[in-house]
Amino acid sequence: MAAYQSEERVTYQTLKEWALDSYFDFCRDSGLADRRGHEQVMARLDYTFEGGFERPAEDLMWRVILLVLSSGLHPDWEIQQRKLISDRLAEQGLDALLAEVPAEEADLFRHDLKILRLI
């Protein structure tokens with residue numbers, strides 16, 4: 001997935017599509033074929049895109065997507081993801097992180113953060 005390192009900002013929708021496509025592939029190839037558990041599938045998804053997002057907004061969005069896909073099945077992992085997200089929000093501020101994100105996309109992302117009780 002070299003495209004995720006493009007010079008253009010990756011949209012929240014595109015990040016979700018990449019995550020779901022990869023999640024499906026990993027569930028098929030590792031989860032079912034190799035009998036790996038959900039936590040291992042999530043770890044593979046996280047590792048595959050590790051360091052792939054240079055923009056803080058993309059990285060924050062990616063963390064939120066991973067949190068949603070984890071489905072609360074792994075309490076320790078969920079706590080870790082929530083801390084990463086909360087720390088980034090505290091350090092950089094949500095408005096600053098979303099400054100270059102179009103309003104409609106930013107509103108959708110904020111909506112997800114509210115549902116997850118992160119803001």
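## A first look around this predicted model

Gln 81 touches Asp 46, Arg 63, Leu 66 and Leu 67, leaving aside residues up to four places away in sequence. That is a handy place to start in what is a predicted model. Confidence comes to a mean pLDDT of 88 for the protein, with 95% of its residues at 70 or more. From Gln 81 we can move on to its partner Asp 46, then to the aromatic rings, helix H1 and a loop residue, Val 101.

**Gln 81 and Asp 46**

- Gln 81 has its place in helix H4, which covers residues 75-92.
- With a relative accessible area of 1%, Gln 81 is buried, because buried means under 20%.
- Asp 46 belongs to helix H2.
- Asp 46 is buried too, its relative accessible area being 18%.
- Apart from residues up to four places away in sequence, Asp 46 touches Trp 62, Arg 63, Leu 66, Trp 77 and Gln 81.
- Arg 63 and Leu 66 therefore turn up in the contacts of Gln 81 and again in those of Asp 46, where contact means heavy atoms within 4.5 Å.

**Aromatic rings**

- How many aromatic pairs are there? The count comes to four.
- One of them joins Tyr 12 and Phe 109, whose ring centres are 5.0 Å apart; their planes meet at 85°, so this pair is edge-to-face.
- This pair links distant parts of the chain, with Tyr 12 in helix H1 (residues 12-32) and Phe 109 in helix H6 (residues 103-115), 97 residues apart.
- Tyr 12 and Phe 109 are both buried.
- Phe 49 and Trp 62 make a tilted aromatic pair, at 4.5 Å centre to centre and with 45° between the planes.
- Here too, distant parts of the chain are linked: Phe 49 is in the loop between helix H2 (38-48) and helix H3 (56-70), while Trp 62 is in helix H3, 13 residues apart.
- Phe 49 is buried, and Trp 62 is as well.
- Phe 53 joins Phe 49 and Trp 62 in one aromatic cluster.
- Tyr 12 also has a charged companion: Lys 16 lies over the face of its ring, at 4.5 Å from the ring centre.

**Helix H1**

- Is the length of H1 what its residue count leads us to expect, or what else does the model show? At 1.5 Å a residue, its 21 residues should span 30 Å, and the end C-alpha atoms are 28 Å apart, which agrees.
- H1 bends by about 30° at Phe 26.
- Buried residues of H1 include Tyr 12, Trp 18, Tyr 23 and Phe 26.
- Leu 15, Ala 19, Ser 22, Ser 30 and Gly 31 are also buried in H1.
- The cover over these buried residues includes H2, H3 and H6.

**Val 101 in its loop**

- Val 101 sits in the loop between helix H5 (94-97) and H6.
- Buried or exposed? Val 101 counts as buried, at 9% relative accessibility.
- Although Val 101 and Val 10 are 91 residues apart in sequence, they are 9.8 Å apart in space, C-alpha to C-alpha.
- Val 101 touches Arg 9, Ala 57, Met 61 and Ala 106, not counting residues up to four places away in sequence.

**How confident is the prediction?**

- Among the elements of the protein, H6 has the highest mean pLDDT, at 97, and H2 the lowest, at 84.
- Where pLDDT is low, predicted coordinates should not be read in detail.

Conventions: Residues are numbered from 1 along each chain as its sequence is written. This is a predicted model: local features need pLDDT of at least 70, side-chain atom pairs count only at pLDDT 80 or more; totals for chains, interfaces and linings use all residues. Side-chain values use heavy atoms; hydrogens and water are left out. Rings of Phe, Tyr and Trp (its six-membered ring) pair if their centres lie within 6.5 Å; planes under 30 degrees apart count as stacked, over 60 as edge-to-face and the rest as tilted. Helices (H or I, at least four residues) and strands (E, at least two) are DSSP runs, numbered from the N terminus. Buried means under 20% relative accessible area, exposed over 50%, partly exposed in between (1.4 Å probe, protein chains only). A charge sits over a ring if NZ of Lys or CZ of Arg is within 6 Å of the ring centre and within 35 degrees of the ring normal. The expected span of a helix is 1.5 Å times one less than its number of residues. The bend at a residue is the angle between axes fitted to the seven residues ending there and the seven starting there. pLDDT is the predictor's confidence in each residue, from 0 to 100.
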